[in-house]
Amino acid sequence: MLIQSGAFLSRKTVLIVGNFLSAAGYNRSFCEDLAERLRAARWSVITTSCKPNRLVRLMDMVTTAWRRRNEYEVAQVDVFSGPAFFWAEAVCWILRKADKPYILTLHGGNLPQFARRYPRRVSNLLNSAAAVTTPSRYLLEQMKAYRSDILLLPNAIDLSRYRFRLRQRAQPRLIWLRAFHSIYNPTLAPWMLAQLASDFPDIHLIMVGPDKGDGSLQKTLQVTEKLGLSSRITFPGGVPKSAVPEWLDKGDIFINTTNVDNTPVSVIEAMACGLCVVSTNVGGIPYLLEHEKDALLVPANDAEAMAKAVHRILTESGLTEHLSSNARKKAEQFDWSAVLPQWDRLLEMVKGMRQHA
C-alpha cells in the first residue's frame, strides 16, 4: 500500500542528515550516536548518508530528503564549514520544498571564520530553520550574530561505557586519539615526545586514529623515524567506537594537538576515563576545559609548551589526582541521560510546529 501524504506516519519520525561513515573506517560521528539513541527512545529514524564518496554522499542526502518526504515529519541537519556548508544549503532547500521543518546543528571550529566570509548565506540558512543547536559554547558565542536563539545541546557519551580510573600518580603512558589530518596537527606529538625522552626513558605514546588521506599520517611516521622514536610510538590505526574505552585505559595522559577544534568527543571520552588532559588552547577548547582545574592548556603548535605540561603531570605532587578527578566530574555533564531528553523535547516541539501551522 502506498503511503499517502503522511497519513500513515508513525507518531515520531525524523530524518537525520550527516556523515554516517564509521562503517567505511572513519571516526564515528555524533549524528550516528544520536540516531541510535533516538531509535531507542521510540523514534522512527531515517539517516543519510553513508556514502564515502563526497559527491555521491551529497546526491544521496538530497535525493533521500525528497524521495522519502512522506516518511518523516521533521529533519535534523548537520552544518559544517567549507563545501559541507553548501551541501546543507542544498538539503535544506529540498526540505523547504517538501514543507518539512528542520533543526540545524552547527559543528566545526572553522565555522565562525567561514561565516565571516559568507555572512549573508550563513544568516539566511540559520534563520530558515525551526531551531538551531550546537554542542559548543564557543560556537554558541561566535555564531549568535547570525541567529540569536541558538541552543546549546552538548555532544553526549554513554558514561557507563567508560571505566573511570583515578590517576593518583601518572605513568609516562600517553594517548592521542583523533583522525590523521592536518587540522589535528599529529606531527606535533612526536616533536613533543622527543623533548621528554631523556627525562623519561620508558615513555610511550599510542596514536589512535584513521588516515584521512591528506598525507598527515605519512608525515607523522617520517617525523617519528627522523627523531628516533619508532620504538616509543605505536600506530594501531582507527579502532571501533566500542574499543575506545579500552585504548584510553592504556594511558594516563591524553594529548590533544589540534590547530582547529570545537567540542571534541575524544577529549570528553578521555576525561570520562580519568586521563589527565593536555590540549592546545584553540577554538572551543577553552570553553570546554578549564586550565589548571580539569586540564592543562598550551598554545597551538608549541611542542616545548606541551612537553612542559606533560612533564608537570609526571612530576608535580598532587597535580595528577587533581586533574583526573575533576576531568571525570566534567565528563559526567555529557551523559546521554542528561542530553537525550533535550533532543526528544526539541524534536517534538519542532514537529508540532508543522502540525499546528
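**Exercise 1. Find the bridge partner of Arg 173 in S8, and describe how S7 and S8 pair.**

Solution. Start at Arg 173 in this predicted model. Its bridge partner in S8 is His 204. Now widen the view to both strands: S7 and S8 are joined by 5 bridges and pair in the parallel sense. Finally, look at the surroundings of strand S8, which covers residues 204-208. Of its 5 residues, 4 are buried, so the strand is largely enclosed by the rest of the structure.

**Exercise 2. Work out the strand order of the open sheet that holds S7 and S8, and say which strands stand at its edges.**

Solution. Step one is the order: the 6 strands follow one another as S9-S8-S7-S10-S11-S12, with parallel pairing. Step two is the edges: S9 and strand S12 (296-298) each have a single partner strand, so one side of each is left without a neighbour in the sheet. Step three is the twist: on average, and with direction ignored, neighbouring strands of this sheet are turned by 20 degrees against each other.

Let's check the S12 end in detail. Strand S11 (residues 276-280) runs parallel to S12, and 3 bridges join the two. Among the residues involved, Val 278 has Leu 296 in S12 as its bridge partner. At the other end of the sheet, helix H8 (residues 216-226) packs on it and touches S8 and S9. The direction of H8 makes about 160 degrees with that of S9.

**Exercise 3. Now describe the open sheet that contains strand S1: its order, its edges and the helix across S1 and S2.**

Solution. Begin with the order, which is S2-S1-S3-S4-S5-S6 for these 6 strands, paired in parallel. The edge strands are S2 (44-48) and S6 (151-152), each of which pairs on one side only. Next, move inward to strand S1 (residues 13-17) and strand S3 (residues 74-79): they run parallel and 4 bridges join them. Here Leu 15 stands opposite Ala 75 in S3. To finish, place helix H2 (residues 54-67), which lies across S1 and S2 and runs at about 145 degrees to S2.

**Exercise 4. Which residues have the most contacts inside the largest nonpolar core, and which helix gives the most to it?**

Solution. The largest nonpolar core has 35 residues, and Leu 95, Leu 104, Leu 106, Leu 126 and Met 143 have the most contacts inside it. Several elements each supply at least two residues, including S1, H2, S3, helix H3 (83-97) and strand S4 (102-106). H3 gives the most, with 7 residues.

Take Leu 126 as a sample. Leaving aside neighbours within four places in sequence, its contacts include Leu 104, Leu 106, Val 132 and Met 143. Apart from this core lies another one, of 34 residues, with Met 207, Met 306, Ala 307 and Leu 314 among them.

**Exercise 5. Test the length of H3 against the span expected for its 15 residues, then find what covers its buried residues.**

Solution. At 1.5 Å a residue, H3 should span 21 Å. Its end C-alpha atoms are 22 Å apart, which agrees. Buried residues of H3 include Phe 85, Trp 87, Val 91 and Leu 95. Their cover includes S1, H2, S3, S4, H4 and H5. Just after the helix, Asp 99 takes a positive phi of about 60 degrees.

**Exercise 6. Classify the ring pair of Phe 85 and Phe 114, and then do the like for Phe 180 and Phe 235.**

Solution. The model has 9 aromatic pairs in its count. For Phe 85 and Phe 114, the ring centres are 4.9 Å apart and the planes meet at 50 degrees, so the pair is tilted. Phe 85 lies in helix H3 and Phe 114 in helix H4, so the pair ties together parts that are 29 residues apart in sequence. Burial comes next: Phe 85 counts as buried because its relative accessibility is 0%, and Phe 114 is buried at 9%.

The rings of Phe 180 and Phe 235 also form a tilted pair, with 6.1 Å from centre to centre and 45 degrees between the planes. Phe 180 is buried at 1% relative accessibility, whereas Phe 235 is partly exposed at 26%. As a last step, return to Phe 85: ring pairs link Phe 85, Phe 86, Phe 114 and Tyr 118 into a cluster.

Terms used:
Residues are numbered from 1 along each chain as its sequence is written. This is a predicted model: local features need pLDDT of at least 70, side-chain atom pairs count only at pLDDT 80 or more; totals for chains, interfaces and linings use all residues. Side-chain values use heavy atoms; hydrogens and water are left out. Two strands pair if DSSP finds at least two bridges between them. Contact means heavy atoms within 4.5 Å. Axes are lines fitted to C-alpha atoms, for helices over the stretch in contact, and angles run from 0 to 180 degrees between N-to-C directions. A nonpolar core is a set of buried Ala, Val, Leu, Ile, Met, Phe, Trp, Tyr and Cys residues joined through side-chain atoms within 4.5 Å. Buried means under 20% relative accessible area, exposed over 50%, partly exposed in between (1.4 Å probe, protein chains only). The expected span of a helix is 1.5 Å times one less than its number of residues. Rings of Phe, Tyr and Trp (its six-membered ring) pair if their centres lie within 6.5 Å; planes under 30 degrees apart count as stacked, over 60 as edge-to-face and the rest as tilted.
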